[in-house]
Amino acid sequence: MPTKKKAAKALSKKTTKKAVAKKVVAEKNTSKKTVATKKPAAEKKKAPVNVMGWKPGVPKEKPKGRIYDGPIRVNAKPKKSDLIFFGVGGVPHSTNPKSHPGAVRRLHELGLGVYEMEFVHGVRIRPETCDEVMAAQKETGVRVTAHGPYYINLYSMEEEKVEASRKRVLDTARALEACGGDGTCFHPGFYQKRDPAEVYAFMEKQIGELADILEKDGCPVRLDPETTGKESQFGSLAELCDMGETLKEKNTGITIDFAHIHARTAGANNTYDEFAGQLELMKNKMGEEALASMHIHLSGIAYTEKGEAHHLELDDSDMNYEDLFRALIDFGASGRVVCESPALEYDALIMQKAYRRLNGS
Ligand SMILES: [Zn+2]
Ligand SMILES: [Zn+2]
């Protein structure tokens, strides 16, 4: 076990006092892969310096194995007027013992309402565990979604890789069905320097076929390809909205990761008008109902001119989540928000609190 050293972390202005008390323990952990910390080229262009003295979007050093173990004090009773439910991707830090069913129960205790099971390193879950998640989900009302493996590339040059990728998407959806959830998020793949139009056509065909297979099996789980954070990855909002429009008759949607879109466009897409524009695009292409069952991802994010570097805690980032919530409220959007910040439930509670304040609930 690595030696742990406690370090107090000053709470930022937005989350003072009651909100969340975080104790951060810096862990000496050199085994984790760290993102290059050299200054990106974007910094050379005159990026605006904010009051805190750092430039938005420029990656600070990636937090190394922080542990969040402080008390969480929130007034998190479910509100009738909530249209959007908040939760986390992955088992919350404060879950004990760490398991998928434990995560559902812990989120319920915290007053949160969404759990995204992360199968990012492979779909490995026992049928008994699925039953337990299903039971916990029914008992608590926490909504369960899933994130498929990172090793998915539906546009590979090698046929076996395409087959393996298709299987990973289907396995994720079937495991989610067994857990009583809905909303299978996955990253469709990479352009590999091919013509984006060609890649798009291929992806659309693949995802349409996968939705057909699930429908034939009677699997009710929706496929939600995710907007990705890097230019090299297939999945801009425009591409996924086009696909959503074409595949409207099938059980497909999108996972809209607002942090990824912000990073992918190197710092744009972070104002009320831009968020409203994104929702407008979804509505125009995929219909009103796309805003009625949204699958949203949100976190702080560090980025370079090439897009996403790594996820950040909300308060360490420039993510303008309050204006995003204002836009979601103005569009009458409903659905699920999965917090993917390193602080997980701590930041999900901050988001939920901000949403309820803005929503007048
Ligand atoms: Zn993702
Ligand atoms: Zn995401």
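How many residues does helix H8 have, and how far does H8 reach from its first C-alpha to its last? Helix H8, residues 272–286, has 15 residues and reaches 21 Å, close to the 21 Å expected at 1.5 Å a residue. The expected span of a helix is 1.5 Å times one less than its number of residues.

A word on the model before we go on. Residues are numbered from 1 along each chain as its sequence is written, and chains are lettered from A and ligands numbered from 1 in the order in which they are written. This is a predicted model, in which local features need pLDDT of at least 70 and side-chain atom pairs count only at pLDDT 80 or more, while totals for chains, interfaces and linings use all residues.

## The chain as a whole

The chain has ten helices and 13 strands; helices (H or I, at least four residues) and strands (E, at least two) are DSSP runs, numbered from the N terminus. Of its 361 residues, 45% count as buried. Here a residue is buried if 20 or more other C-beta atoms lie within 10 Å of its own, exposed if 12 or fewer, and partly exposed in between, with C-beta atoms placed from the backbone. Among contacts between residues at least 6 apart in sequence, 79% join residues at least 24 apart. Two residues are in contact if their C-beta atoms, placed from the backbone, lie within 7 Å.

One pair shows such a link along the chain: the C-alpha atoms of Tyr-68 and Ala-343 are 275 residues apart in sequence yet separated by 6.9 Å. Tyr-68 sits in strand E3, residues 67–68, and is buried, with 21 other C-beta atoms within 10 Å.

## Helix H8 and its surroundings

Back to H8. Its buried residues are Phe-275, Gln-278, Leu-279, Met-282 and Met-286. Seen down the axis of H8, these fall within an arc of 90°, so they line one face of the helix; the arc is that of the directions from the helix axis to the C-beta atoms. As background, an α-helix has 3.6 residues a turn, so residues three or four places apart point the same way. The face of H8 turned away from the buried side carries the exposed residues Asp-273 and Asn-284.

What lies over the buried side? The cover of the buried residues of H8 includes helix H6 (237–246), helix H7 (258–264) and helix H9 (321–330). H6 has buried residues of its own, namely Leu-237, Glu-239, Leu-240, Cys-241, Met-243 and Gly-244. Their cover includes H5, strand E8 (223–225), strand E9 (255–257), H7 and H8. After H8 comes Gly-287, with a positive phi near 90°.

## Two helix pairs

Two packed helices are described by the angle between their axes and the distance between the axes. Axes are lines fitted to C-alpha atoms, for helices over the stretch in contact, and angles run from 0 to 180 degrees between N-to-C directions.

The axes of H8 and H9 come within 8 Å and cross at roughly 45°. That makes H8 oblique to H9: angles under 35 degrees count as roughly parallel, over 145 as roughly antiparallel, 65 to 115 as roughly perpendicular and the rest as oblique. H8 passes H9 in a right-handed crossing; a crossing is left-handed if the near helix is turned anticlockwise from the far one by less than a right angle, and right-handed if clockwise. In this pair, Tyr-272, Phe-275, Ala-276 and Leu-279 of H8 meet Asp-323, Leu-324, Arg-326 and Ala-327 of H9.

Helices H4 (residues 159–178) and H5 (residues 196–217) pack at about 40°, with their axes 11 Å apart. They are therefore oblique to each other, and their crossing is right-handed. Here Arg-166, Val-169, Leu-170 and Ala-173 of H4 meet Gln-206, Leu-210, Ile-213 and Leu-214 of H5. The cover of the buried residues of H4 includes helix H3 (127–140), strand E6 (143–147), strand E7 (184–186), H5 and E8.

## Backbone details worth a look

These residues have a positive phi:

| Residue | Phi | Place |
|---|---|---|
| Gly-180 | about 80° | just after H4 |
| Ala-266 | near 50° | loop between H7 and H8 |
| Asn-269 | about 55° | loop between H7 and H8 |

Ala-266 is partly exposed, with 19 other C-beta atoms within 10 Å, whereas Asn-269 counts as buried, with 21 C-beta neighbours inside 10 Å.

Finally, the peptide bond from Asn-96 to Pro-97 is cis, with omega near -5°. Pro-97 lies in the loop between strand E4 (84–89) and helix H2 (100–109).
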